[in-house]
Amino acid sequence: MSIRVGLIGAGIMGADHARIFARDLPGVELRVICDADGARARRLADSLGIKDIASDGEAVIARGHVDAVVIASPDFTHAPLSLAAIRAGKPALCEKPLSQSAKQCLEVVAAEQAAGRRLIQVGFMRRFDQSYVEMKAARDEGALGRALMMHNFHRNVETPASDFSGAMAITNSAPHELDIARFVLDTDYRSITAFQPRRSDALVAPVVMVLETIDGQLVTIEINNNASYGYDVRGELVGETGSISLRAPGHSRLDAGLKNVGRYDDDWRGRFAEAYRRQNAAFLDFVRTGNFPSSASDSWDGYAAAAIAEAGVRALAEGRRIDLQMAEKPALYQRS
Ligand code: ISE
């Protein structure tokens, strides 16, 4: 029987998830497209042949003919809608961030603890990207010797919103690196320091972070939301005896006229298309079996990313290293 999904949020990410479920994955039926902007919900629904639209996310979650939901509405709605899904006992794929507030993430963690199970899969999809999968395998198998450092570059063509700030580079874009570095290294953070160079124009300058892990490793992250030349995500894991670097999936290289020319994606949907597909397929398996996907991010991972991002915003504002104080990880989130 098909899994009946309610999609909440018909913006850039909701539309992408809708297309993945409607066109790429078997065994799923998109039952309703929900958005506060009815015209936007109707456009997306019509483009995929879906009849039903709605404007109230909590009402969609409560519907009897909805088995699971995708939360792709604005960031500030993610935690409240996740709490509603937990109350309804329904699995939810919640776009990152779970919340920009670590405290609000802990409210979701507490609700899952009270429910006695994990229901929220957080959308840190890079864990499903083939290059990062191979990077983590190399670390886990000891192929590089002891992992010492992980270097990360995350460059967007231009900021996703006009009011974007250096702090938002940390709370909106950097959570991908903050999560994937924890996952690849299987560790947590001890501290963060953040810096910004000065641009010659009024655009938001890059943010460069240096993090220490509790295992004595270093993680560097450059977030450049106004790189201009292309959407470019790079990463290198450096061990005592070797190193492994990300490779973007295959665009061609044109050799002609004494030149060779490649190309960049214009945003994350192309660069990580397969990772989103794999992440969403894993979510459907989770709904079918009740077994939380071993690679996926849960609410605790959502909290961990928010906690270090909050510390990073302080580090940038105060110009100093900020040590991270995290809550105790509940047994529900201990992984074998
Ligand atoms: C955006 O919200 C994403 O999640 C993208 O993956 C990331 O590359 C981008 O910087 C964020 O703004």
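Which helix gives the most to the lining of the largest cavity? I looked this up first, and the entries below follow from there.

**Basis.** I am working from a predicted model, in which local features need pLDDT of at least 70, side-chain atom pairs count only at pLDDT 80 or more, and totals for chains, interfaces and linings use all residues. Residues are numbered from 1 along each chain as its sequence is written, and side-chain values use heavy atoms, with hydrogens and water left out.

**Cavity.** The answer is helix H11 (residues 299-318), with four residues. Helices here are DSSP runs of H or I with at least four residues, strands are runs of E with at least two, and both are numbered from the N terminus. I searched the whole structure and found one cavity of 30 Å³ or more. A cavity is a set of points, on a 1 Å grid over the protein atoms alone, where a 1.4 Å probe fits but cannot get out; lining residues have an atom within 4 Å of a point. The largest cavity holds about 60 Å³ of space. Grid points are joined across faces, edges and corners, and the volume is the space filled by probe spheres set on the points. I noted its lining as Pro-97, Leu-98, Ser-99, Gln-100, Phe-124, Thr-171, Pro-175, Gly-302, Ala-305, Ala-306 and Ala-309. By class that makes seven nonpolar, four polar and no charged residues. The classes are Ala, Val, Leu, Ile, Met, Phe, Trp, Tyr, Cys and Pro as nonpolar, Asp, Glu, Lys and Arg as charged, and the others, Gly among them, as polar.

**Pocket.** A pocket is an open set of grid points with protein on both sides within 12 Å along at least five of seven lines. The largest pocket contains about 960 Å³ of space. Of its 46 lining residues, Ile-12, Met-13, Ser-73, Asp-75 and Asn-172 are the closest to the centre. I checked the helices: H1 (12-24), H3 (57-62), H4 (75-88) and H7 (166-173) each supply at least two lining residues. H4 has the largest share, six residues. The lining counts 20 nonpolar, 15 polar and 11 charged residues.

**Sheet.** I traced an open sheet of seven strands in the order S12-S11-S7-S10-S9-S8-S15, with mixed pairing. Two strands pair if DSSP finds at least two bridges between them. At the edges are S12 (243-245) and S15 (322-323), each pairing on one side only. S7 (residues 147-155) is antiparallel to S11 (residues 232-239) over eight bridges, and His-151 has Glu-236 in S11 as its bridge partner. S7 runs parallel to S10, joined by seven bridges; there Phe-153 stands opposite Glu-222.

S10 (residues 218-224) is antiparallel to S9 over six bridges, with Leu-218 of S10 opposite Glu-212. S9 and S10 form a hairpin with four residues between them, and Gly-216 in the turn has a positive phi of about 80°. On the other side I found six bridges between S9 and S8 (residues 189-195), again antiparallel, with Thr-193 opposite Val-210 in S9. S8 and S15 are antiparallel over two bridges, and Ile-192 faces Ile-322 in S15.

Which residues of S9 (residues 207-213) are on its covered face? They are Val-207, Met-209, Leu-211 and Thr-213, while Val-208, Val-210 and Glu-212 make up the uncovered one.

**Helices.** Why is H8 (residues 175-185) described as largely enclosed by the rest of the structure? Because 11 of its 11 residues are buried, where buried means under 20% relative accessible area (1.4 Å probe, protein chains only). Just after H8, Asp-186 takes a positive phi of about 55°.

For H10 (residues 273-289) I compared spans: at 1.5 Å a residue its 17 residues should cover 24 Å, and the end C-alpha atoms are 25 Å apart, which agrees. The expected span is 1.5 Å times one less than the number of residues. Its buried residues include Tyr-276, Phe-283 and Phe-286. Gly-290, just after H10, has a positive phi of about 80°.

**Arg-271.** This residue is found in H9 (residues 268-271). I logged Arg-271 as buried because its relative accessibility is 3%. Arg-271 touches Asp-129, Tyr-231, Val-233, Leu-246, Arg-247, Ala-248, Pro-249 and Asp-265, not counting residues up to four places away in sequence; contact means heavy atoms within 4.5 Å.

Key. Buried < 20%, exposed > 50% of the residue type's maximum accessible area, 1.4 Å probe, protein only.
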